[in-house]
Protein chains: 2
Amino acid sequence: MATSRPRQRAYHHGDLQAALLRAAGRMLEKRGLARLSLRQAAGGIGVSHNAPYRHFPDRDSLLAALAAQGFAALGSAMQEAAASGGLRAMGAAYVRFALRRPQRFRLMFGSAVPSARHAALRENATRVFERLVQALAPQLPGPAGRDASLAAWALVHGLSQLLLDERIAAAALRGRDRDTLVSAVLESIRFAAAKAQTPP
Amino acid sequence: MATSRPRQRAYHHGDLQAALLRAAGRMLEKRGLARLSLRQAAGGIGVSHNAPYRHFPDRDSLLAALAAQGFAALGSAMQEAAASGGLRAMGAAYVRFALRRPQRFRLMFGSAVPSARHAALRENATRVFERLVQALAPQLPGPAGRDASLAAWALVHGLSQLLLDERIAAAALRGRDRDTLVSAVLESIRFAAAKAQTPP
DNA sequence: CCTTGATGTTGCCATTGTCTACATTCGATG
DNA sequence: CATCGAATGTAGACAATGGCAACATCAAGG
């Protein structure tokens, strides 16, 4: 009808949930979790401060959705890397994901959104965990192998966290690029339960 | 003097800074970083909502002080463990610290308080990092040894983080207690650059 | 075409961090 | 011992947030 809102969008956004997740994801990475504001995200998209609550019961639920998306992306990255480069490539993909999206990575593994209360998050996280264990099982069989699997996972997870600290990263690089560093660190380890590993 | 505030303390608290850090440390561990409120901490101690700002420029500075204290405690725990039990005991102490104070541990290594802006935090963190590297250097010499040192640190750091997740911890324990699990995982690893290690 | 549910808007409340101005006390100095 | 200044409190206000209730608008289905 003729009564117009000059340069305003239609009353119905059409895909507000996805737009909120994109905006919140960018804000998370740029400003950190504490300064992620639903009001600002909504304002940036051009809807009112309360519109997000039509798509997410509360702020924590939106954060849980961001974390679930993160696990989906991490799972994909690891799977692609494993298909072409094996276990070490898979580990390197894990670290690369963390370094590329540090705040998302922290959200995924932090305590801000307990997965016990968010089913989709729990499912996506569990899927990644199970794929990891399945990928390692042939190389690290038996109960000692399961401990070694946890060690392998701990190694790449911890490396991700430590390299997010710029001082630690700077001290470790010693003129190498990050991919070279990650490979060198991953190759410095042998697992007591391991079958002989193909070199990279 | 006789004009009394029944059951109220004197106008000057006397050690408000330390009291705030204790109260905030408890609130951090109990409710998480997002729900740590300086107003509530002040109220619980019996001072006004603005009194904390006489001791800390802002909320982030108090959090930085909490993180700095955490690094001091972690350093002490690791040093004591190393003195009596060597490198593996030191690694186990690191994991134990994280599991005992998960929110503090996350604060210490998270992005909420950048250590670039908080000198005491930077110093305490650096001291722990340097001690760790010094402890590992005799066992893991040379440039490959430094990569292996980072791997060793990543291993215990990652293990700490992963075991904070109750599902991961539950799946990994398989009837063992946590100390046994941690020992088994740490022992499942060999370092390519290592001298022969004394068994535990 | 009407009704209903989905999805927006508006206004309000409680709480927070932090600012300014003022009040009180303690310690140092003369 | 008295005074002064700094340290350390209190009181009030502001801007921002998350989230609630009530109302408004639109799209889809019968």
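This is a short talk on a predicted model of two protein chains, A and B, with DNA strands C and D.

First, the ground rules. Residues are numbered from 1 along each chain as its sequence is written, and chains are lettered from A in the order in which they are written. Because this is a prediction, local features need pLDDT of at least 70 and side-chain atom pairs count only at pLDDT 80 or more, while totals for chains, interfaces and linings use all residues; side-chain values use heavy atoms, without hydrogens or water.

Start with chain A on its own. Chain A has eight helices and one strand. Helices here are DSSP runs of H or I with at least four residues, strands are runs of E with at least two, and both are numbered from the N terminus. The order along the sequence is α-α-α-α-α-α-α-α-β. The C-alpha atoms fill a box of roughly 75 × 40 × 30 Å along the principal axes. Of the 200 residues in chain A, 44% are buried. Buried means under 20% relative accessible area, exposed means over 50%, and partly exposed is in between, using a 1.4 Å probe and protein chains only. Now contacts, meaning heavy atoms within 4.5 Å. Among contacts in chain A with a separation of 6 or more, 69% join residues 24 or more positions apart.

Next, helix 4 of chain A, residues 102-109. Seven of its eight residues are buried. They are A:Gln103, A:Arg104, A:Phe105, A:Arg106, A:Leu107, A:Met108 and A:Phe109. What do these buried residues pack against? In chain A, the partners are helix 1 (16-31), helix 3 (59-100), helix 5 (119-136) and helix 6 (142-163). Helix 4 of chain B is a partner too.

How do the two chains relate? A rotation of 180° with 0.0 Å of shift along its axis superposes chain A on chain B, with an RMSD of 0.0 Å. That is the relation of a two-fold axis. In chain A, the C-alpha nearest the axis belongs to A:Gly158, at 1.8 Å. The superposition is a least-squares fit on C-alpha atoms of residues with pLDDT of at least 70 in both copies. As for the interface, 100% of the chain A interface residues are also interface residues in chain B, so the copies meet through the same surface.

Now the core. A nonpolar core is a set of buried Ala, Val, Leu, Ile, Met, Phe, Trp, Tyr and Cys residues joined through side-chain atoms within 4.5 Å. The largest one holds 126 residues, and A:Leu150 and B:Leu150 touch the most other members. Take B:Leu150. Leaving aside neighbours within four places in sequence, B:Leu150 contacts A:Leu159, A:Leu162, A:Leu163, A:Ile168, A:Ala172, A:Leu181 and A:Val185.

Two single residues in chain B. B:His118 sits in the loop between helix 4 (102-109) and helix 5 (119-136). B:His118 counts as buried because its relative accessibility is 14%. Beyond neighbours within four places in sequence, B:His118 contacts B:Asp60, B:Ser61, B:Ala64 and B:Val113. B:Glu123 is in helix 5 of chain B. At 49% relative accessibility, B:Glu123 counts as partly exposed.

On to the DNA. A residue is near a strand if one of its heavy atoms lies within 4 Å of it. Strand C first. 27 residues surround DNA strand C, and the closest are A:Ser48, A:Arg54, A:His55, B:Arg39 and B:Asn50. Helix 2 (residues 38-45) of chain B gives the largest share of that surface, three residues. Of the strand C atoms within 4 Å of the protein, 43% belong to sugar or phosphate and the rest to bases.

Polar contacts next: pairs of N or O atoms within 3.5 Å; within protein, one must be able to donate a hydrogen and the other to accept it, and residues adjacent in sequence count only if both atoms are side-chain atoms. A backbone N or O atom of A:His13 lies 3.0 Å from a phosphate oxygen of strand C. A polar side-chain atom of A:His49 is 2.9 Å from a base oxygen of strand C.

Last, strand D. 27 residues surround DNA strand D, with A:Arg39, A:Asn50, B:Tyr11, B:Ser48 and B:Arg54 the closest. A polar side-chain atom of A:Ser37 lies 3.2 Å from a phosphate oxygen of strand D. For B:Tyr11, a side-chain N or O atom is 2.6 Å from a base nitrogen of strand D.
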